[in-house]
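Thank you all for coming; I would like to take a few minutes to walk through one model with you. Please have the sequence and the structure open while I talk.

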Amino acid sequence: MIFKEFLELRRDRRTMAMLIVLPLLLLTVFGYAASFNVSTLTTDVVGPGATQAATALRAPFAVGRVDPAVGDAWARDRLRADRADVVVVTGGDTPVALVDGSNLFGAQAAKAALGRTQMRVEVLYNPDLKTSWVMVPALVGLILTFIGTIVTAIGLVRERQAGTLEQLAVMPFRPSDVIIGKIVPYYVLAALDMVVVTLLGRLLFGVPFNGSVGIFALGAGLFLFVVLGIGVLISTVSQNQGQAIQLALMIMMPQILLSGMIFPLDAMAPGVRWIGYLLPLTYFTKLSQGVMLRGGDLASLWLPLVVLASMAVVVFTAAVTRFRRDLAPSRPSPEPTAAGSAS
């Protein structure tokens, strides 16, 4: 029995990957990604004394723009657009360091470093640096990822095992019609969950919602298309629900660790950080925090929206293509025509 079990494990490549490859991958990635220490903070300095104040700044402040011609209003717009972590405004008796509180670990590092200077610190968008204010917008995306990836994949695989998909294959439906028909219920349920979680986050933890509901809904809708498409792709390469769960977990783990939800992207090693930039949850987290905490507008949040839209097109196209190929063998061959029989 022991020998037989080893033989079965050797033939099951997905289980072998879960037992051997995944732990090594998690150890390597987690070791490079698991850091709360932000070593670099993008910093702008403005106001009449900008040049002198910029020369006095040391690490972790990486001075970018130095502009004596602009002031407080420009600095606040700069932070709202997520173009800087800190903006030092000079011109008064004491320079004021405006800090983006939606970047929790960066704001904590900035406060610790600025405590040794003569500057007055003002934290925007999360004045008390509450962890819940930063986590709730990201958790909305994580819940959507869970529903879209795991639940959708399991549901479609279950139908394949029951023979329902083979019945649909012989009906006059295109693969895209079948996919849309299957994912719309999951889409609606995930959207309802998003609304419930967002409202509970506001009621239980006092998380603000400073931006546009329309932009938030647009970003969430695009993100849902991406994760639902991933769920469909998983279902097309899985023979049973166990395989679907394994693949979904292997895809979800990097999303949790490398999207910036737990560990800041700026604190990761460059090679690991670029993996995070390929994950859809990274961009939804940026968008949800930008809308809810900073009140960002379309001009400041266009990048995550464009990336999510591009991912939605690519993933959904791949899902339709794979689904069509998956159903093609089940379709019956056409009946020969009279002319063809005669010939």
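**A walk through the model**

Let me start at Leu192, which is found in helix α8, the helix that covers residues 175–205. Leu192 belongs to a nonpolar patch on the surface, together with Ile180, Val184, Val188 and Leu189, and the accessible area of these residues together is about 430 Å². Before I go further, I should say plainly that this is a predicted model, and that the values I quote are computed from it.

Stepping back to the whole chain, what does the overall inventory look like, in helices and strands? The protein chain has 14 helices and 5 strands, and buried residues make up 45% of its 343 residues. If we take the contacts with a separation of 6 or more, 68% of them are accounted for by residues 24 or more positions apart. The chain exposes about 17,200 Å², and carbon and sulfur atoms supply 65% of that area.

One example of a pair separated in sequence involves Gly31, which lies in helix α2, residues 13–33. Gly31 and Ala269 are 238 residues apart along the chain, yet their C-alpha atoms are separated by 9.6 Å. Gly31 itself counts as exposed, because its relative accessibility is 56% and the cut-off for that word is over 50%.

Let me turn now to helix α9, residues 213–236, and ask what span we should expect from its 24 residues. At 1.5 Å a residue the expected span is 34 Å, and since the end C-alpha atoms of the helix are 35 Å apart, the two values agree. Of those 24 residues, 18 are buried, and therefore α9 is largely enclosed by the rest of the structure. At the start of α9, a side-chain oxygen of Ser212 reaches to within 3.2 Å of the backbone nitrogen of Gly214.

The next stop is Thr90, which sits in the loop between β3, residues 86–89, and β4, residues 96–100. Is Thr90 buried or exposed? Thr90 is buried, because its relative accessible area is 10%, and the limit for a buried residue is under 20%. Its side chain has polar partners on the backbone: a polar atom of the Thr90 side chain lies 2.9 Å from the backbone oxygen of Val46, and the backbone nitrogen of Ala50 lies 3.3 Å from a polar atom of that side chain. Leaving aside residues up to four places away in sequence, Thr90 touches a set of residues that includes Val45, Gly47, Pro48, Gly49, Ala53 and Pro95.

Now for the charged pairs, where I will go a little more slowly. Side chains of opposite charge can pair when their charged atoms come close. The structure holds 6 salt bridges, and I will describe some of them.

Arg65 forms a salt bridge with Asp67, with the closest N and O atoms 2.9 Å apart. Arg65 counts as partly exposed, at 36% relative accessibility, whereas Asp67 is buried, with a relative accessible area of 14%.

Arg80 forms a salt bridge with Asp77, and here the closest N and O atoms are 2.7 Å apart. Both residues lie in helix α4, 3 residues apart, which is about one turn of the helix. An α-helix has 3.6 residues a turn, so residues three or four places apart point the same way. Arg80 is partly exposed at 31%, and Asp77 is partly exposed as well, at 45%.

Arg76 and Glu122 also meet in a salt bridge, at 3.2 Å from N to O. This pair links distant parts of the chain, since Arg76 is in helix α4, residues 72–80, and Glu122 is in strand β5, residues 120–124, 46 residues apart. Arg76 counts as partly exposed at 23% relative accessibility, and Glu122 counts as partly exposed at 23%.

I will finish in strand β5 with Val121. Val121 is partly exposed, with a relative accessible area of 29%, and its C-alpha atom is separated by 7.1 Å from that of Lys111, which is 10 residues apart from it along the chain. Not counting residues up to four places away in sequence, Val121 touches Ala97, Val99, Lys111 and Leu114.

Conventions: Residues are numbered from 1 along each chain as its sequence is written. This is a predicted model: local features need pLDDT of at least 70, side-chain atom pairs count only at pLDDT 80 or more; totals for chains, interfaces and linings use all residues. Side-chain values use heavy atoms; hydrogens and water are left out. Helices (H or I, at least four residues) and strands (E, at least two) are DSSP runs, numbered from the N terminus. Buried means under 20% relative accessible area, exposed over 50%, partly exposed in between (1.4 Å probe, protein chains only). Patches are made of residues with over 30% relative accessible area and no salt bridge: like charges are joined within 9 Å, nonpolar side chains (Val, Leu, Ile, Met, Phe, Trp, Tyr) within 5 Å. Accessible areas come from the Shrake-Rupley method with a 1.4 Å probe; for residues, only the protein chains shown count as cover. A salt bridge is a side-chain nitrogen of Lys or Arg within 4 Å of a carboxyl oxygen of Asp or Glu. The expected span of a helix is 1.5 Å times one less than its number of residues. A polar contact is a pair of N or O atoms within 3.5 Å; within protein, one must be able to donate a hydrogen and the other to accept it, and residues adjacent in sequence count only if both atoms are side-chain atoms. Contact means heavy atoms within 4.5 Å.
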